[in-house]
Structure formats: C-alpha cells, structure tokens
Amino acid sequence: MERIKIANGRLITPFRIIENGTILIEEGRILKIGQGSIDFPGAQLIDAQNHFVSPGFIDMHTHGGGGHDFMDGTIDAFLEAAKIHALHGTTAMVPTTLTVETDDLLQTFSVYSQAKKSNSEGSLLLGLHLEGPYFSMNQRGAQDPRYIRVPKRKEYETILSYSPDIIRWSAAPELDGAVEFGRILSEKGILAAIGHSDATSEEVAEALENGFTHLTHLYSAMSGVTRKNAFRYAGVIESAYLYDQLTVEIIADGIHLPPSLLQLIYKQIGPARIALITDSMRAAGLSSGESILGSLKDGLKVIVEDGVAKLPDRTAFAGSIATADRCVRTMVQQAGVPLLHAVQMMTSTPARICKVDRSKGTLTVGKDADVVIFDENIQVKTTIINGRVIFNEL
C-alpha cells in the first residue's frame with residue numbers, strides 16, 4: 001500500500017472546513033489529519049493546491065456509465081462503469097439492476113461476483129440494488145412492463161438465496177405480498193426501499209412498520225396527492241415530509257428535479273436524511289446522441305440531449321447521465337445548498353443508509369482512505385480509493 005501525504009488542502013469534515021489541512025494515508029487508511037505541515041518521510045506527496053479535500057463520493061443508485069450498463073451481462077460492463085465514475089469522484093457505488101426476467105437477474109449476480117473480485121481501477125462495488133420487478137404498473141416509468149409483477153415468496157426467496165451481494169431492494173409496498181416481503185428483507189439486513197409506487201401515506205405507514213425505511217428517487221415514479229371518491233389522500237411524495245423515519249434519495253442533476261424542488265427537499269428534510277444519487281444509465285460521462293437504457297440485448301433505445309436521457313418520442317425522461325460531481329455541483333450552484341451539506345449528502349448520509357459508515361463517508365482517522373480533491377467549481381482533480389491513487393491531475 002502507498003503512503004500518501006495530501007498537503008495544502010481545504011479539508012471537508014462533518015463539521016467544518018480545515019484550511020491548510022494535511023492528511024496522512026498509510027495501509028489504505030487515514031493515519032492522521034491536521035493543519036499545517038506534518039512530516040511523513042517516504043510518502044508520495046500530493047499538493048492539493050488549496051482545493052477542497054473531501055471524503056469519496058458514494059453513489060447508492062447507478063445503472064452504469066461510460067457506455068456500459070450493469071445489465072449487459074459482462075464483467076467488462078461493471079469494471080468500465082466503475083472506472084468512469086471514479087474519474088468523477090465516486091469511490092464506492094451500488095450497481096443497480098432493472099426489471100428483467102429472473103434468469104437474467106441471476107446471471108447478473110454471477111457476473112457481479114466475478115467483477116467485484118477483479119475490480120482494482122474503479123469505484124468500489126458495495127453490493128447490488130435490485131430495482132424491481134415488484135412495482136406499480138402505473139408508476140413503472142422506463143421499467144419494462146413485460147416483467148413487472150407482485151412479490152411471491154417462493155420467487156424472491158430463491159433470488160435472495162442465490163446471491164449474498166444484495167444490499168437493497170426497491171419495491172411498491174401497496175402490492176399484495178409486499179408487506180411480508182419488506183419484513184423478510186429487514187430481517188436479512190437488506191435495505192427495503194419504496195420505489196415505483198402508487199401507495200397512499202397510510203400504506204407507506206404500514207410499510208414503515210414492516211421494514212421499509214427508504215424512498216427510491218423521490219418525486220420520480222411515485223404517487224402524490226390523489227382523489228378517491230372525492231376524498232384526497234396523501235401519497236408517497238408527501239410521506240417523505242410526513243414520516244421522519246424515512247430516508248430519501250434524489251437524482252440531483254437539476255433536470256429530473258428542478259432547483260426549486262431540490263431546495264424544498266433540502267429545507268424540509270435536511271441533509272442527514274437525503275442521499276444524492278446519479279441513477280445514471282450507460283451514457284453517463286459521454287456526449288449526447290443515441291443510447292440504450294438497459295442491456296444491449298434487450299434494452300430500450302433512448303435519446304441523450306439537454307443533459308438527460310429521454311424516450312424516443314421525448315414524452316418522458318429515460319434515465320440520468322449524471323456523475324457524482326455533477327450532483328454536488330448542482331446542489332451548490334443551482335439549489336444554493338452549503339458545500340458542507342452537499343458533500344454530506346454524497347458521502348456520510350449514503351454511507352449510513354448503506355451501513356458502511358463505520359469505515360466510509362467521512363475524513364476520520366482510522367477510516368478507509370477514500371478521498372476526492374476538487375476545485376471551487378467542483379471539478380474533480382484527484383480520486384483515491386482505499387489508499388490507492390486512481391486518478392490525479394494535480
């Protein structure tokens with residue numbers, strides 16, 4: 001392992017920014033943090049040049065990037081997507097699946113397991129997020145309707161038994177069998193998330209009582225206030241504000257949610273309960289043009305323009321092309337959120353939600369040396385993962 005000394009940086013801690021800060025890294029962990037010059041003989045010196053030094057970004061919902069999707073069914077797809085996101089400051093990620101046939105899902109598990117073992121140049125792979133297939137048809141978004149169904153215990157227990165790498169699963173809790181499904185996920189220590197759902201707030205409350213604790217991409221593919229026989233009912237969106245026990249994630253590209261909604265969510269929910277996500281598809285990190293949402297074999301053709309992926313008829317978004325640095329930049333520059341809080345929502349909050357906060361998410365002595373250096377425009381200059389320099393242009 002390299003011994004690294006990062007000097008002359010503006011260190012972002014959970015509480016403040018340390019000017020002229022220094023970080024010492026040894027054997028993949030943070031050895032010491034201080035102000036001013038600290039001797040560290042034989043270490044590789046990285047002069048931060050008065051740029052910000054942050055914990056590594058943690059993206060807990062991404063489908064790919066750099067021209068690759070995790071549903072492509074290849075090791076290369078995982079490795080190359082992890083590389084492109086590392087260039088943009090993501091030091092750890094949760095690869096996310098789409099609603100597909102069970103056989104394709106099981107194949108993805110096998111490929112992921114192999115990719116995780118050989119991943120040495122990209123973002124760490126924390127585990128898998130299954131997005132579907134237990135969704136509301138009305139809130140399916142770009143998910144393939146051919147595979148959407150209700151949860152059956154025999155099926156999801158087979159899926160769960162096939163892979164130890166599942167760390168979160170998104171589902172619609174109003175479906176028949178979903179309450180029991182949430183309980184089983186919770187008992188297994190898997191994050192049960194509400195997503196692509198038409199639930200009322202009462203159904204969300206029941207979900208909370210049965211293991212669900214998180215909302216998948218707030219405002220995207222979820223119910224708001226609805227009427228039934230003239231009476232109004234709050235939906236999943238309102239539940240984010242109503243129930244303090246819920247954590248949420250937001251696609252912070254400035255397009256899926258405009259600045260006004262980003263400001264509202266931040267003001268009413270606060271950074272300790274909000275994780276920024278990219279929800280990126282394969283076109284993340286690439287230029288505009290045609291692309292595919294999902295696997296190359298069976299995916300949906302989309303158009304990438306205006307900083308987002310759209311359905312071919314341009315009637316709806318079909319995925320984000322954001323990277324983690326763009327999410328932080330959007331929150332600061334468009335939503336007016338303080339940098340400390342924007343970084344918190346991309347580091348320590350997702351670390352806590354994903355249950356890796358004992359080793360990741362903050363610049364703390366003893367934690368993994370996952371570090372990002374970026375300038376005042378939040379352009380990444382250096383990415384260090386577990387004490388290894390992955391990218392450095394300083």
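Colleague: Let's jump straight in: which residue stands opposite Glu-290 in E20?

Modeller: That's Ile-303. Keep in mind that we're looking at a predicted model. The strands involved are E19, residues 289-293, and E20, residues 300-305, which pair in the antiparallel sense over five bridges.

Colleague: Which other partners can I click on to follow that ladder, say for Gly-289 in E20?

Modeller: Gly-289 has Val-304 as its bridge partner in E20. Toward the turn, look at Leu-293, whose bridge partner in E20 is Leu-300.

Colleague: And how many residues sit between E19 and E20 in the hairpin?

Modeller: Six residues lie between those two strands. While you're in that turn, check the backbone of Gly-294, which has a positive phi of about 95 degrees.

Colleague: What comes after E20? How many bridges join E20 to E21?

Modeller: Three bridges do, and E20 and E21 (residues 308-310) run antiparallel. To get your bearings, find Glu-305, which stands opposite Val-308 in E21. This hairpin has two residues between its strands, and Asp-306 takes a positive phi near 55 degrees.

Colleague: So what is the strand order of the open sheet that holds these hairpins?

Modeller: Four strands line up as E19-E20-E21-E22, with antiparallel pairing. At the edges you find E19 and strand E22 (317-320), each pairing on one side only. For the twist, ignore direction and average over neighbouring strands: they're turned by 40 degrees against each other.

Colleague: Now the open sheet of six strands. Is its pairing parallel or antiparallel?

Modeller: Parallel, and the order reads E11-E12-E13-E14-E17-E18. Strand E11 (128-131) and strand E18 (274-277) are the edge strands, since each has a partner on one side only. Here neighbouring strands are turned by 30 degrees against each other on average, again with direction ignored.

Colleague: Inside that sheet, how many bridges hold E14 and E17 together?

Modeller: Two bridges, in the parallel sense, between E14 (residues 212-215) and E17 (residues 247-251). One pair to pick out is His-214 with its bridge partner Thr-247 in E17.

Colleague: On to helices. What do I need to describe a packed pair?

Modeller: Two things: the angle between the axes and the distance between them. Try that on H1 (residues 75-86) and H2 (residues 102-118): the axes come within 8 Å and cross at roughly 50 degrees. That crossing angle is why H1 counts as oblique to H2. The handedness of this crossing is right-handed.

Colleague: Which residues of H1 and H2 make the contact?

Modeller: From H1, select Ile-75, Phe-78 and Leu-79. From H2, add Thr-108, Val-111, Tyr-112, Gln-114, Ala-115 and Ser-118. By class, that contact splits into six nonpolar and three polar residues, with no charged ones.

Colleague: Let's do the next pair. At what angle do H2 and H3 cross?

Modeller: At roughly 15 degrees, with the axes of H2 and H3 (residues 153-162) coming within 10 Å. Angles under 35 degrees count as roughly parallel, so H2 and H3 are roughly parallel to each other. Their crossing is right-handed.

Colleague: And which side chains should I display for H2 against H3?

Modeller: On H2, show Thr-102, Leu-105, Leu-106 and Phe-109; they meet Glu-155, Ile-159 and Tyr-162 in H3. In this contact the classes are five nonpolar, one polar and one charged.

Colleague: Zooming out, how many helices and strands does the protein have?

Modeller: There are 10 helices and 25 strands. The radius of gyration is 20 Å, close to the 21 Å that the globule rule gives for 394 residues, so the protein is as compact as a globular protein of that length.

Colleague: What does the C-alpha trace span along its principal axes?

Modeller: About 70 × 45 × 40 Å. If you set up a view, you could start with the four-strand sheet E19-E20-E21-E22, then turn to the parallel sheet that runs from E11 to E18 in its strand order.

Note on methods
Residues numbered from 1 in each chain as written. Predicted model: local features only at pLDDT ≥ 70, side-chain atom pairs only at ≥ 80, totals over all residues. Heavy atoms only, no water. Axes fitted to C-alpha atoms, helices over the stretch in contact; angles between N-to-C directions. Parallel < 35°, antiparallel > 145°, perpendicular 65-115°, else oblique. Left-handed = near helix turned anticlockwise from the far one by under 90°. Contact = heavy atoms within 4.5 Å. Nonpolar A, V, L, I, M, F, W, Y, C, P; charged D, E, K, R; others polar. Pairing = 2+ DSSP bridges. Rg over C-alpha atoms; globule rule 2.2 N^0.38 Å.
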